Amino acid sequence: KALRFQKYDFITVRVIDSLLELIRSGLDVSDFRHNQRRVGQIKFLGEMLVSKLVSMNLIFETLYMLIEIGHPFPAPEKNDDGDNNGILPLRPLRLGEPRSLRSHPSVLCKADMPHDVFRIRLICVLLDTIVGVLKRGNVHAKRLDTFLLYFDRYVAFKWSLTLETKFMIENTIEDLRPGRDIPEPSLVNEAEEKVEIFEKSLNYD
C-alpha cells in the first residue's frame, strides 16, 4: 500500500512538471494552431488545484508568468539585426521587490504583441476554473486583488480586444469581484497609477 502511494506521488509530480513545461514553452511562440491545446493545458492545471494536487502558490506564479514572460524591464539591448533573440528572459524577483522593476507590458515581445490577446484568454480560463477555490473564504483575496492590478495594466497596453475576449474578461471579473471595474485597453495612465500606488506601499529599498 505504501509503495502504491509513493508511485502515485511520483507519477503526479512528473505529470505536473511536464504540464508546467508545456505551458511555459507555449509562451515562447504565438501559433493559433496550438491555441486549443494550450487552453486545455491551462484548464488542466486549474483542475489540479481543485483536486488539491497543486498549491495556490503555483497558480499565482503561473498567472504572473502569463503576463510577464517576454516583457523584462529594463528591456535588453537589441542585437546587430535590430532584434532580440527569441523570448526575453526574466531575472528572479527579489524579496519584496515591486514587479515593475523586473517586467513591464510596454516591453515588446514577438510572442505577445500588443494586438495578441490570447494570454488574456488563458488567464480567464485559469481563473474561471479555480473560481470556487478563490471564493472560499478570504484566504486568497489580497493576492487576487494584487494580481488583478497587474492584469488591468497588462490589458491596458493592448491595442484592442476582440468581442469574445471582452465578454470573457467581463464574466471572469464579475464572478470573482462583482462591481469591480472591467480592465480595458488604452487606459494606460489609470492602470499605471494604481500599480504605482500599490508598489509605493511596499516600501521597497
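# A turn after α2, then pockets and cavities

Modeller: Just after α2, K52 takes a positive phi of about 65°. Keep in mind that this is a predicted model.

Biologist: Okay, so how many residues does α2 have, and how far does α2 reach?

Modeller: Helix α2 covers residues 35-50, which is 16 residues. From its first C-alpha to its last, α2 reaches 23 Å. That is close to the 22 Å expected at 1.5 Å a residue.

Biologist: Which residues in α2 are buried?

Modeller: Here is the list: N35, R38, V39, Q41, I42, L45, G46, M48 and L49.

Biologist: Let's switch to holes. How many cavities of 30 Å³ or more are there?

Modeller: The count comes to 2. The largest cavity has a volume of about 70 Å³. The second largest cavity holds about 40 Å³ of space.

Biologist: Which residues line the second largest cavity?

Modeller: Its lining is made of L22, I23, G26, R38, Q41, I42 and L122. Two elements, α1 and α2, give two or more residues each to that lining. Remember R38, Q41 and I42 from before: they are buried residues of α2.

Biologist: How does that lining divide into nonpolar, polar and charged?

Modeller: The second largest cavity has 4 nonpolar, 2 polar and 1 charged in its lining.

Biologist: And what lines the largest cavity?

Modeller: I67, E68, S103, H104, P105, Y150, R153 and Y154 do. By type, they divide into 4 nonpolar, 2 polar and 2 charged.

Biologist: Which element gives the most to that lining?

Modeller: Helix α6 does, with 3 residues. Both α3 and α6 supply at least two residues there.

Biologist: Now the open spaces. What volume does the largest pocket have?

Modeller: About 600 Å³. The largest pocket is lined by 26 residues.

Biologist: Which of them lie nearest its centre?

Modeller: F60, Y64, L93, R99 and R143 lie nearest the centre of the largest pocket.

Biologist: Where does the largest share of the pocket lining come from?

Modeller: From α3, which gives 8 residues. At least two residues each come from α1 (2-26), α3 (56-68) and α6 (141-156).

Biologist: How many of the lining residues are charged, and how many nonpolar?

Modeller: The pocket lining has 9 charged and 13 nonpolar residues. Another 4 are polar.

Biologist: Changing topic. How many disulfides does the structure hold?

Modeller: The structure holds 0 disulfides. C109 is in no disulfide, and the nearest cysteine sulfur, that of C124, is 19 Å away. The cut-off for a disulfide is two cysteine sulfur atoms within 2.5 Å, so C109 and C124 do not pair. Likewise, C124 is in no disulfide.

Biologist: Are C109 and C124 buried or exposed?

Modeller: C109 counts as buried, because its relative accessibility is 3%. C124 is buried too, with a relative accessible area of 1%.

Biologist: Last one. Where does S100 lie?

Modeller: S100 lies in the loop between α3 and α4 (118-129).

Biologist: Why does S100 count as buried?

Modeller: Its relative accessible area is 11%. Buried means under 20%, so S100 qualifies.

Biologist: What does the side chain of S100 make a polar contact with?

Modeller: With the side chain of E199, at 2.8 Å.

How values were computed: Residues numbered from 1 in each chain as written. Predicted model: local features only at pLDDT ≥ 70, side-chain atom pairs only at ≥ 80, totals over all residues. Heavy atoms only, no water. 1 Å grid on protein atoms, 1.4 Å probe; cavity = no way out; pocket = protein on both sides within 12 Å on 5 of 7 lines; lining within 4 Å. Points joined across faces, edges and corners; volume = space filled by probe spheres on them. Helix = DSSP H or I, 4+ residues; strand = E, 2+ residues; numbered from the N terminus. Nonpolar A, V, L, I, M, F, W, Y, C, P; charged D, E, K, R; others polar. Expected span 1.5 Å × (residues − 1). Buried < 20%, exposed > 50% of the residue type's maximum accessible area, 1.4 Å probe, protein only. Polar contact = N/O pair within 3.5 Å; in protein donor to acceptor, adjacent residues only side chain to side chain.
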